[in-house]
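Biologist: I am new to this structure and would like a close look at one part of it, beginning with a pair of packed helices and following the connections outward. Please explain each term as you come to it.

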Amino acid sequence: MSTKQLYNAALRRAIVQDVRVTKQLPRPISAFTCLRNRSIHTYRPAAFRAGQRRPFTASARRRLATADDTFNPADIERESDQVDVCIVGGGPAGLSAAIRLKQLANEAGNEDFRVLLLEKAGELGDHIVSGNVIEPSALRELLPDWNDESNPNRFEHITPATKDKMRFLTSKYSLPIPTPPQMNNHGNYIISLNQFTKWLGERAEEIGVEIYPGFAASEVLYNADGSVKGVATNDLGISRSGKPKDSFERGMEFHARVTLLAEGCHGSLTKQVIKKFDLRRDSQPQTYGLGIKEVWEIDPAKFQKGLVVHSMGYPLPTDTYGGGWMYHFGDNMVSIGLVVGLDYPNPWLAPYGEFQKMKQHPMYKEYLEGGKCISYGARTLNEGGFQSIPKCAFPGGALIGDTAGFLNVPKIKGTHTAMRSGMLAAEAAYTALDGAKDDDSSVFLYDYEDKLRESSIWTELKEVRNMRPSFHNPLGLWGGIMYSGLEAYVFKGKVPWTIKHSGTDHGATKLASECKKIEYPKPDGKISFDILTSVSRTGTNHEEDQPCHLVVEDWDKHAAMEWPKYKGVENRFCPAGVYEYVEDETKDIGVRFQINSQNCVHCKTCDIKVPDQDITWTTPQGGEGPKYVMT
Ligand SMILES: Cc1cc2nc3c(=O)[nH]c(=O)nc-3n(C[C@H](O)[C@H](O)[C@H](O)COP(=O)(O)OP(=O)(O)OC[C@H]3O[C@@H](n4cnc5c(N)ncnc54)[C@H](O)[C@@H]3O)c2cc1C
Ligand code: SF4
């Protein structure tokens, strides 16, 4: 039997035998999640292909049906694995870093150099949401034959961007406005980043990167000298009340001389590391936008392959930054979405409701009518740009990609900068480790910080640094558009000043009593949809009986603090209907706060926007969350 046949047979066995499928599951549990609950290294295809071995003992799973109330999971020692570089997050940044590291090691004949990548999604790409129009500069450098006809493994799912349109929308009309130079997509490609990530993962596995999907890194580990020692994954099989269940499995530790955090926008471990090492000491706070997206299959008669449309204005109010997009790609597919700056002041505003309104605008509706929505997703993105880049290296590791904040806001592009930062960190890490083979002291990637400053990432982010913060001016949207026009066509970033952001996104939220209430129209079920229908299109699943991964210390205290001031802002900012205030006469304020964590699509908005900062997004059990398609 070939390796592939062996793997497939094992996979089928694992799926047939799996007993952990709970009755809430709306879809078959991910193959890798099944495998994870068994002795995974037996079945991993990468491990076979790359001839690697996962050196864990076979006792990872411990059944504790008889455990008494005094049992403390922390008393069980975690198994650990020592690798050269551990990467947290299998998006474009993490995978590019992994590929570059193995390229360098393999070129030097150092095939034993171990690069391990942990991904919380059940399969690579499952948690990725993006536009996406990709600028292929970094990709070309990393994998020069990525799209060569002669390459049997080339990435085929690309649509060259052929036409850019920029529109200003009023409630009824769409007015053409000039496409700023940075929005010109000539030479770029429309892709599904979720598909691209899967492909990139295969390229990484081919050259020996050890990829473990379904592993959520939940804790940063430190050496005695304070440097980062690696990460640990969370315990599985803990009940909602915190007690170990029959399926209990202790988390694992991954130790490395270098740990690269590639968690994407607002990473949960990154948040801890930034605080621990005070990485924001010389930068401004990060600011964010929430992107909400759908993928549609539209009437072929309306399809214009390669068309890239961006819009400003309607439906967003003038005190709210953001804009819409529509990309025509593949065969009759359309990616449509809206980004809403999370510094919006009005707590009555619901980004989800705004997106549903946007689709009803004649310019968008015309394309969607007669089509079918096949996918939905939501994810935050960084908007702080140059001013908000923290220190990216820390003792024992570095931040790469969106978790560091390299997205170019006016371009709405971060894939190429994420990939490039991963490659730069990889080069710095390989050189540092190669030069310190016989030295056990902690590694600091000074080189990475230097290379970032010399790179195109720095140049392009510096050039556009004043555009986003220019929207904080007494003229709001109009002032921002005028100033951005001057920057794009005249100043080109060469002015001596740098405009500051006005503060944090959560701090920008006004009291409900100070703002106009917004009523959203009922969805028509054809173009606009209710939130639960949309969530059902994400394939999201979380086992219900586990500690709530959206950590609010005291739900009643939270409600008593937030409800009187913001009247349920959490319910409106969450694009997955996770938070609710339910009428309850037994409560002094007349409502009870409720968290439906099973619906969470891991967008991180709550952690960013909740006004009093008392919701912390943590990783649920590995392999859970959305299972996005084509996002
Ligand atoms: C709505 C929207 C539209 C966009 N449009 C474009 C566009 O058109 N063009 C463009 O170039 N860019 C676009 N971007 C930006 C682009 O998607 C990002 O810049 C890019 O995805 C960043 O790559 P990354 O690897 O840093 O992070 P991500 O792509 O977010 O990947 C991070 C990965 O890490 C995993 N992870 C996170 N935490 C953990 C953990 N603790 N343990 C294990 N795994 C973890 C996640 O599940 C995820 O798979 C858009 C972004 C959004 C949200
Ligand atoms: S609970 Fe938070 S992270 Fe989850 S979908 Fe809602 S806002 Fe996003």
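**From a helix pair to the shell of a ligand**

Modeller: On the α4 side of this helix pair, P92, L95, A98 and I99 meet T197, L200, G201, R203 and A204 of α6, where contact means that the C-beta atoms of two residues, placed from the backbone, lie within 7 Å. The model is a predicted one, in which local features need pLDDT of at least 70 and side-chain atom pairs count only at pLDDT 80 or more, while totals for chains, interfaces and linings use all residues. Residues are numbered from 1 along each chain as its sequence is written, and chains are lettered from A and ligands numbered from 1 in the order in which they are written.

By class, the contact of α4 with α6 has six nonpolar, two polar and one charged residues; here Ala, Val, Leu, Ile, Met, Phe, Trp, Tyr, Cys and Pro count as nonpolar, Asp, Glu, Lys and Arg as charged, and the others, Gly among them, as polar. Helices (H or I, at least four residues) and strands (E, at least two) are DSSP runs, numbered from the N terminus. The axes of α4 and α6 (residues 193-206) come within 9 Å and cross at roughly 20 degrees, with axes being lines fitted to C-alpha atoms, for helices over the stretch in contact, and angles running from 0 to 180 degrees between N-to-C directions. The two helices are therefore roughly parallel to each other, a label for angles under 35 degrees, whereas those over 145 count as roughly antiparallel, 65 to 115 as roughly perpendicular and the rest as oblique.

Helix α4 (92-107) also leads to ligand 1, since α4, α10 (415-435), β3 (133-134), β14 (288-297) and β18 (372-382) are among the elements that each supply at least two residues of its shell. Of the 46 residues around this ligand, G91, G264, G291, G401 and G414 come nearest, a residue being near if its C-beta atom, placed from the backbone, lies within 6 Å. The shell divides into 20 nonpolar, 19 polar and seven charged residues.

One of these contributors, α10, packs against α11 (residues 446-454) at an angle of about 145 degrees, with their axes 8 Å apart. Here S421, L424, A425, A428, T431 and A432 in α10 meet D447, Y448, K451 and L452 in α11, a contact with six nonpolar, two polar and two charged residues.

Two other contributors, β14 and β18, pair in the antiparallel sense over ten bridges, and pairing requires that DSSP finds at least two bridges between two strands. G291, named above among the nearest residues to ligand 1, has R379 in β18 as its bridge partner. Both strands belong to an open sheet of seven, ordered β6-β5-β15-β16-β17-β14-β18, with mixed pairing. Because β6 (174-176) and β18 stand at the edges, each with a single partner strand, one side of each is left without a neighbour in the sheet. From one strand to the next the twist averages 20 degrees. Helix α8 (residues 351-359) packs on this sheet, touching β14, β16 (322-329) and β17, and its direction makes about 135 degrees with that of β17.

Finally, β3 takes part in an open sheet of three strands, in the order β3-β7-β4, with antiparallel pairing. Strands β3 and β7 (residues 189-190) pair over two bridges, and V133 stands opposite I190 in β7.
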